[in-house]
Amino acid sequence: MTTAEKFKIEMIGLLPRLRRFALSLTRSVPDADDLLQDACTTALQRWHQYDPAQPLDRWMFRIIRNLWISEIRKRKVREGQGQVPAEEATELQTADADDTLNAKQVQARVSALPPDLAQPLMLVCAEGYSYREVSEFLDIPVGTVMSRIHRARKLLASALGHEEGIAT
Amino acid sequence: MTDLSTKLSAYLDGELDAADAQMIESLLESDPAVQAELDALMAADALAQEQFDALLRDPVPLSLAQKIKSTPVGIAPARPASRPIWGAVAAGLALFIVGGMGGFFLKDQTSPGATVVANAGWLADIADYHAIYASQQRHLVEVPAAESAHLVKWLGSTVGVQFSIPDLSEFGLTFEGGRLLVANGKPVAQLMYRQPDGVVIALCLQSGMNGGTMPAPGFKQQTIKGFDFVSWKSDGVNYVVIGPGGKSGLADIAALAAREV
């Protein structure tokens, strides 16, 4: 088996995790599948840039994320305004999440979380990233990683019916 | 005090320094409200993990794995670089999903009914088994092909399905024998075939989840955990042919197996 074939087989084996990662960005199944397909095409084109000493999953995550940021920018241009990319998430979005929390309108689903909260939560809970790794990957301060993961858990806990407790 | 709750969340992730962790542990022992807050965060975390894990069981479109297999690496695609993939293609993809083999895929996303979930679980279990057994050389099967009559009787009575061993030699597949598996808590008969290059293709069958006798809705193609699946139902029995991701011709193998099994 050639190195290229191994690369492809490893990529195919990663597809479920890559798709989950894409979903955490897009929040839409058709968009996630479109994004995943384009990321795989890009990765195959840039195969020579891949360092086999590095984990393929993280290299692919980065490609997916960069493509999505590019897509969001295009949409903003097309639509005049649009979604704010995750890495540009501001406290305003956190405040929105707070409003939603207070209104108790969030279902207990990770898919209902805002992308800027769902992404760090997924990377830590499901992919085993450290806060520092998430910080470097998403290009946000470690303190922001910590507060977003906390906020995500609080939204889910609230939707599960847990009282606000000491955090109010 | 959101700051304390945030630290509890970081404590869950093992992200606090020693001093903060010790402070949290002292509070947890002395303050029931702090313990209750941690419990709430842990419940949320367990929920999140469960839902993130469930996403991995969603089938990936088979066409994508096949495209990866067939695309040469390091070569720019034939399509224009500026193709409007997010607009026009999205509409095409939606039609494809609804109309083609992705229907099952979309159904999984939008109506996770009990039967669909059970079927997905069955195939996910099969994928796990295949990942282990397909790499076996000497111990690929429990009962070898030389004991085919016994295999049919034994697996047939255990699984509760009468079947014949399909002859798939026209695809270069040699029947090696079979195994008894358990998936979704029910027995599964697994028939193993090998290509001359050693690649293993398996045919699995299990009595229908609900004992239904719905007519076969056709073949469904999916990729789960890196393996390609072509599944179908007939007379209340679930069948699936499984092979390595990106293998071409799996649907043809399944079509012949469906006629002969």
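**Notebook: contacts, cores and loops in a two-chain model**

I began with chain B, and among its contacts between residues at least 6 apart in sequence I found that 57% join residues at least 24 apart. I note here that the model is a predicted one, and I read every entry below with that in mind. For the make-up of chain B I listed nine helices and seven strands, and I noted that buried residues account for 34% of its 261 residues.

I then turned to chain A, where I counted seven helices and zero strands, so that I could write its pattern along the sequence as α-α-α-α-α-α-α. Of the 168 residues in chain A, 44% are buried, and of the contacts with a separation of 6 or more, 59% are between residues 24 or more positions apart.

**Where the chains meet**

I looked up next how many residues of chain B are in contact with chain A. The count is 49 residues of chain B, in contact with 48 residues of chain A. On the chain B side, the elements that give two or more residues are helix H1 (2-12), helix H3 (32-56), helix H4 (62-70) and helix H5 (88-99) of chain B. The largest share of that side comes from H3(B), with 16 residues. When I sorted the side of chain B that touches chain A by class, I had 30 nonpolar, 13 polar and six charged residues.

**The cores**

Which residues touch the most other members of the largest nonpolar core? I wrote down Ala22(A), Ala39(A), Ile64(A) and Leu121(A), in a core of 62 residues. I followed Leu121(A) further and, leaving aside its neighbours within four places in sequence, I found it in contact with Val110(A), Leu113(A), Ile149(A) and Ala152(A), and also with Ala48(B). There is a second, separate core of 39 residues, and among its members I noted Ile126(B), Ala202(B), Tyr239(B) and Val261(B). As background for this entry, I recalled that nonpolar side chains in soluble globular proteins tend to be buried together.

**Helix H6 of chain A**

I picked out H6(A) to see which of its residues are buried, and these are Tyr131(A), Val134(A) and Leu138(A). Looking down the axis of H6(A), I saw that its buried residues fall within an arc of 60°, and therefore they line one face of the helix. Helix H5 (115-125) and H7 of chain A are included in what covers the buried residues of H6(A).

**Two residues with positive phi**

Just after H6(A) I came to Asp139(A), which takes a positive phi of about 60° although it is not a glycine. I placed Asp139(A) in the loop between helix H6 (131-138) and helix H7 (142-159) of chain A. Is Asp139(A) buried or exposed? It is exposed, because I find just 10 other C-beta atoms within 10 Å of its own, and a residue counts as exposed at 12 or fewer.

The other case I looked up is Arg27(A), a residue other than glycine whose phi is positive, near 60°. I located Arg27(A) in the loop between helix H1 (3-26) and helix H2 (29-45) of chain A. Arg27(A) counts as partly exposed because it has 15 C-beta neighbours inside 10 Å, which lies between the limit of 12 or fewer for exposed and that of 20 or more for buried. I set these two residues apart because most residues other than glycine have a negative phi.

Technical notes: Residues are numbered from 1 along each chain as its sequence is written. Chains are lettered from A and ligands numbered from 1 in the order in which they are written. This is a predicted model: local features need pLDDT of at least 70, side-chain atom pairs count only at pLDDT 80 or more; totals for chains, interfaces and linings use all residues. A nonpolar core is a set of buried Ala, Val, Leu, Ile, Met, Phe, Trp, Tyr and Cys residues joined through C-beta atoms within 7 Å. Two residues are in contact if their C-beta atoms, placed from the backbone, lie within 7 Å. Helices (H or I, at least four residues) and strands (E, at least two) are DSSP runs, numbered from the N terminus. Ala, Val, Leu, Ile, Met, Phe, Trp, Tyr, Cys and Pro count as nonpolar, Asp, Glu, Lys and Arg as charged, and the others, Gly among them, as polar. The arc is that of the directions from the helix axis to the C-beta atoms.
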